[in-house]
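Please open the model in a viewer with residue selection enabled. The stops below are given in the order in which they may be selected.

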Amino acid sequence: MPKIYDYDDYDRCVAQAPAEADAVYCVARTIIKPDQESSLWRLIENFTNDTKRHYRHDHLDRGFCIETCRQLVQSLDVPTAEELFVPKFNIPFPYIINADAFNNVSGDRERYGRLINICQNHALRQRYNLTGYTEIEYCTGPNRVTPVDALDISFLVLSALIALLVIGSTWYDYYTSKPLGNEHYKKDLPCRKTMVLTSFSLVRNWYRLVSRSKDQLNEDLKFFQAIRFFTFCLVVVGHCADLFTATAFANTRDREAEYYSPLGHMLINGSLIVQSFFEMSGFLLSIHFLTTQAKLKRISWSAILVTVAYRYIRLTPAYAFILMLHATWLPKLQDGPLWPRGAEVERNLCRRNWWTNLLYVNNYVNADEPCLQQAWYLACDYQLFTVGLIILVAVTKYKKYVVHIFSISGLTAILIPVLVVYFNHFDGVFVVTLQAERFIYWFDEMYHKIYIPFHTNIGCYIGGVVYGYLYYRIRTSDNKGNRSGFLKFLWYMTVPCGMLTLMISMIFYTNNFEKPSIWISLFFPLHKNAWALFGAIILYGIIYNYNRFIKSVVNFPLFVPLGRLTYCAYISHVFFLKNFFYGTRGIAYFSHVSMYTKVISVIVASYILGAIVALTLEFPISALQKHLLSKQLEKVSKPDPPPANNNVSPPSA
């Protein structure tokens, strides 16, 4: 069968371009024209029909050097060239990124569309005796540089202002520190004006990053920072696997072979790992809320609006800065045959849809034209945070109905995905197909209707809220926990069971069950929310020290700053995914070694940029909130005087 990915040498194309003409290189998509008389076409058709485990081998990615293509077509006589041209026919699947995501595609299609169509059919006819329709996705070249505009300049001005704030605040903090030395940076000062002026101090924020909490509750839950770090690393593994398919690589058959391996499905279905983030968020929200509520006489419904706004102010500035980086200078960093698909599209979509990100609705609005696509999680988590807060306020105000409120929430979390799966005829798991990965799920119906909406991800979050509530109640009455042999056995079996949960998804790739089906609809939320049960067991065992070695590893001091940097590393890692995958010149070779090399590179680079953003934006904004807006929270509740021996405080963000 024809190679799925085949690209002319970009640098040779640029070097051999005539002096009087610009070097032009076009990337196009080819759809092979059905031909039942061809045995090869019948093979392609039969192989492609297994859409869950195979690529569409009638859908090809091609890169053309226009000058080489022009020379070939000029060597053909007119009747042969006319015969090789194939006009567009009915194509029953999404096959190309919309032209308005790129710059000047319509003009390039007029100039080079027919030329490339003939050129590609000449190659297909000679080697495979097939023809197809070829459509330009975009054209690029060394002289096609995106001009600097006002928004680009604005980003530089904003960055300079932040740098000046940091320098000025750091100098002022140093100026006032002389009597106390380093201890000055480690604690708040009695003057609120001074604390506001030192909010951007680099040294003070560094100590905020590396400091350790002194209260017992934070010490007990310190291991959460390690789990955050490891979960982020696993998320990067999944995203790197997606980007291999979305760009170009040579050995596509090896990738297809993984779909026949149970172990391969641990990577293919690893998207379930994001449920760990949701569960941790729900757990910490519950602990934070209940710890705060224990100090207060009452919590009003208005606390929800204030808390949601407080969270918005803390999270959004760092997020907006990275979004602005993608919308301005990302496309100017590199060039190459794939670079416009990764960077130019990102720039244009971020300029068009930035508001959906900053309103945290990008998992519902224009989700098929995403800016920072992996930021769907931030929107989903923000929406789930609001729902979790409503549930906790209700539980606090109507204590007699705690069981009823949690039960209704849990049943709703199961019922909603059941209905979505049933009425949309979906499978019992989120099916990751290679064809969907080629467009990073932009055109995948299941991705839009059940993977990224908050209403289908609520199960693990509610599980985290309930588990946090139970843990808080148990902790205040019994610090020893249940150390029965049965629970320890369950704890040691959790990781194998989690691996089995990922592998069992294979049944939906090897079988086409009749749908809609009640059992498939029920299987989806039960399979997905089993992750919350596994997570609860793991957390319980770590909290109550079921294994001293594992507890010592996850409590290693280095994980404290790494965990605190996870948010900024997460919003930064898309920038490096774009650079490491779309910046390549040639077609890569997929292997686990090459993939994990990129994984490590992305993680390290993300944490470097994440640390810069955290120290100059996230932590300073959080400090400003504390010093300027804390009274707003006091207006919606009346605190009791704290006990003399009170040593409980909410876990750090």
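Select Arg351 first: this residue is partly exposed, at 24% relative accessibility, where buried means under 20% relative accessible area, exposed over 50%, and partly exposed in between (1.4 Å probe, protein chains only). Add Asp149, which is likewise partly exposed at 24%. The side chains of Asp149 and Arg351 meet in a salt bridge, 2.5 Å from N to O; a salt bridge here is a side-chain nitrogen of Lys or Arg within 4 Å of a carboxyl oxygen of Asp or Glu. Asp149 sits in the loop between strand S4 (132-140) and helix H6 (150-175) and Arg351 in helix H15, so the contact ties together parts that are 202 residues apart in sequence. Helices (H or I, at least four residues) and strands (E, at least two) are DSSP runs, numbered from the N terminus.

The model is predicted: local features need pLDDT of at least 70, side-chain atom pairs count only at pLDDT 80 or more, and totals for chains, interfaces and linings use all residues. Residues are numbered from 1 along each chain as its sequence is written, and side-chain values use heavy atoms, with hydrogens and water left out.

**Further salt bridges**

Next, select Arg585 and Asp335, whose side chains form a salt bridge of 3.0 Å, N to O. This pair links distant parts of the chain, 250 residues apart: Arg585 is in the loop between H26 and helix H27 (592-628), and Asp335 is in the loop between helix H14 (302-328) and H15. Arg585 is partly exposed, with a relative accessible area of 34%, and Asp335 is partly exposed at 29%.

Then select Arg29, Asp61, Glu137, Arg341 and Arg438, which salt bridges with shared partners join into one network. Within this group, the closest N and O atoms of Arg29 and Asp61 are 2.8 Å apart. Arg29 belongs to strand S2 (residues 25-32) and Asp61 to strand S3 (residues 59-65), so their salt bridge ties together parts that are 32 residues apart in sequence. Are these two residues buried or exposed? Arg29 is buried, with 1% relative accessible area, and Asp61 is buried at 2%. In total, the structure holds 31 salt bridges.

**The disulfides**

Now display the cysteine side chains. A search of the whole structure finds three disulfides, each a pair of cysteine sulfur atoms within 2.5 Å.

Select Cys13 and Cys65, joined with an S to S distance of 2.2 Å. The torsion about their S-S bond is about 80°, so this disulfide is right-handed. Cys13 lies in helix H1 (residues 10-15) and Cys65 in strand S3, so the bond ties together parts that are 52 residues apart in sequence. Cys13 is buried at 4% relative accessibility, and Cys65 is buried at 4%.

Move to Cys26 and Cys139, where the S to S distance is 1.9 Å. With 100° about the S-S bond, this link is right-handed. Cys26 is in strand S2 and Cys139 in strand S4, so the pair ties together parts that are 113 residues apart in sequence. Cys26 is buried, with a relative accessible area of 0%; Cys139 is buried at 6%.

Return to helix H15 for Cys350, which forms a disulfide with Cys371, their sulfur atoms 2.0 Å apart. Cys371 lies in the loop between H15 and helix H16 (376-397), 21 residues from Cys350 in H15. Cys350 is buried at 1%, and Cys371 is buried at 2%. With bonded cysteines counted along the chain, the disulfide pattern is 1-3, 2-4, 5-6.

**The largest cavity**

Finally, select Gln373, Ile440, Trp442, Lys578 and Tyr582. How much space lies in the largest cavity? The space is about 220 Å³, and of its 19 lining residues the five just selected are the closest to its centre. A cavity is a set of points, on a 1 Å grid over the protein atoms alone, where a 1.4 Å probe fits but cannot get out; lining residues have an atom within 4 Å of a point. Helix H10 (224-246), helix H15 (339-358) and helix H26 (566-582) are the elements that give two or more residues to this lining. There are seven cavities of 30 Å³ or more, with grid points joined across faces, edges and corners and volume taken as the space filled by probe spheres set on the points.

How values were computed: On a 1 Å grid over the protein atoms alone, a cavity is a set of points where a 1.4 Å probe fits but cannot get out, and a pocket is an open set with protein on both sides within 12 Å along at least five of seven lines; lining residues have an atom within 4 Å of a point.
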